[in-house]
Amino acid sequence: MQRGETMGTDPTILILTPMKDAGRHLEGYFAGLARLDYPKSLISLGFLEGDSADDTAEQVELKLGDLRRTFAGAALWRKHFGVQMPQGTPRWEFAYQLPRRKTLARARNHLLFHALQDQEWVLWLDVDVIDFPTDLIQLLLGAERDIVHPHCVREAGGDTYDLNAWRAHGAQAMGDLRGGPDLVRLDAVGGTALLVRADVHRDGLIFPPFPYGGGNPAIRSPHPLGPGVRGEIETEGLGIMAIDMGYQCWGMPNLEVVHARD
């Protein structure tokens with residue numbers, strides 16, 4: 001398969017993006033969607049906004065008309081979970097990791113259950129992913145795998161940003177696998193950019209909002225979130241759940257998407 005080609009008849013894609021306090025990223029996010037060279041008539045968009053202190057939802061609402069004229073569909077849902085971190089606290093602050101990840105898992109599931117209709121694939125794309133190949137969808141589809149995750153970095157060729165994609169109990173992240181095969185097995189994935197065959201979600205694959213998979217040998221132990229945590233949560237939990245369901249997650253360490261610096 002050549003760069004930019006898809007497999008036979010182009011499948012339908014649902015791009016899903018949860019958002020919180022994302023106003024400063026929206027211009028770049030929508031510009032990235034516009035640059036995608038996949039047929040826009042086959043792409044539907046779903047957004048979930050929750051707990052924002054800025055005008056994220058209002059900005060998205062203003063764009064919906066244009067998006068619906070360009071893409072197959074676009075919809076916004078709002079769901080407030082009531083979880084707030086103290087102002088100025090980094091989102092990776094240890095004390096808030098578990099509640100933050102639980103809330104993000106719930107947000108992803110809420111969006112999935114509302115937005116998924118008859119589409120064939122779901123592309124999870126974070127609002128603060130600021131650069132990616134225009135043929136990202138074709139490249140991910142070209143892997144011909146049910147669950148595939150590109151390499152999310154801080155800058156082209158730079159350090160790995162999304163450390164939720166790993167194998168070997170977290171000992172190997174995507175940066176450790178760069179320069180080798182274009183497609184590698186993973187035990188856990190991140191959600192910055194993640195392609196999932198929609199039927200796998202329909203079969204029951206979700207983002208666990210609780211530590212999942214305590215009996216699965218692929219989990220990390222001891223867990224970095226604390227000695228009382230056994231299992232994986234949110235996107236990492238999805239990877240472990242996929243294993244339990246008989247699916248394999250895959251990574252593309254040489255295919256980069258760039259995340260905004262926090």
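Leaving aside its neighbours within four places in sequence, with which residues is Thr-103 in contact?

**View 1. Surroundings of Thr-103 in a predicted model.** The structure is a predicted model, in which local features need pLDDT of at least 70 and side-chain atom pairs count only at pLDDT 80 or more, while totals for chains, interfaces and linings use all residues. Residues are numbered from 1 along each chain as its sequence is written, and side-chain values use heavy atoms, with hydrogens and water left out. Thr-103 belongs to helix α3 (residues 94–115); helices (H or I, at least four residues) and strands (E, at least two) are DSSP runs, numbered from the N terminus. Beyond the neighbours within four places in sequence, Thr-103 is in contact with Phe-81 and Val-83, contact being heavy atoms within 4.5 Å. The relative accessible area of Thr-103 is 13%, so this residue is buried (under 20% relative accessible area, against over 50% for exposed and in between for partly exposed; 1.4 Å probe, protein chains only).

**View 2. Strand β4 and its pairing partners.** Strand β4 spans residues 121–125, and 5 of its 5 residues are buried. Trp-121, Leu-123 and Leu-125 point one way from the strand, whereas Val-122 and Trp-124 point the other way. Strand β1 (residues 13–19) pairs with β4 in the parallel sense over 4 bridges, and strand β10 (residues 193–197) pairs with β4 in the antiparallel sense over 5 bridges; pairing requires that DSSP finds at least two bridges between two strands. Trp-121 is the bridge partner of Ile-13 in the former case and of Arg-197 in the latter.

**View 3. Aromatic pairs.** There are 4 aromatic pairs, counted where ring centres of Phe, Tyr and Trp (its six-membered ring) lie within 6.5 Å, with planes under 30 degrees apart taken as stacked, over 60 as edge-to-face and the rest as tilted. The ring centres of Tyr-29 and Phe-30 are 5.3 Å apart and their planes stand at 65°, so this pair is edge-to-face. Both Tyr-29 and Phe-30 are buried, and with Phe-47 they form one aromatic cluster.

**View 4. The ring of Phe-207.** The rings of Trp-124 and Phe-207 have centres 4.9 Å apart and planes at 85°, so they too make an edge-to-face pair. Trp-124 lies in β4 and Phe-207 in the loop between α6 (198–202) and α7 (234–245), so the pair ties together parts 83 residues apart in sequence. Both residues, Trp-124 and Phe-207, are buried. The charged end of Arg-108 sits over the ring of Phe-207, 5.4 Å from its centre (NZ of Lys or CZ of Arg within 6 Å of the ring centre and within 35 degrees of the ring normal).
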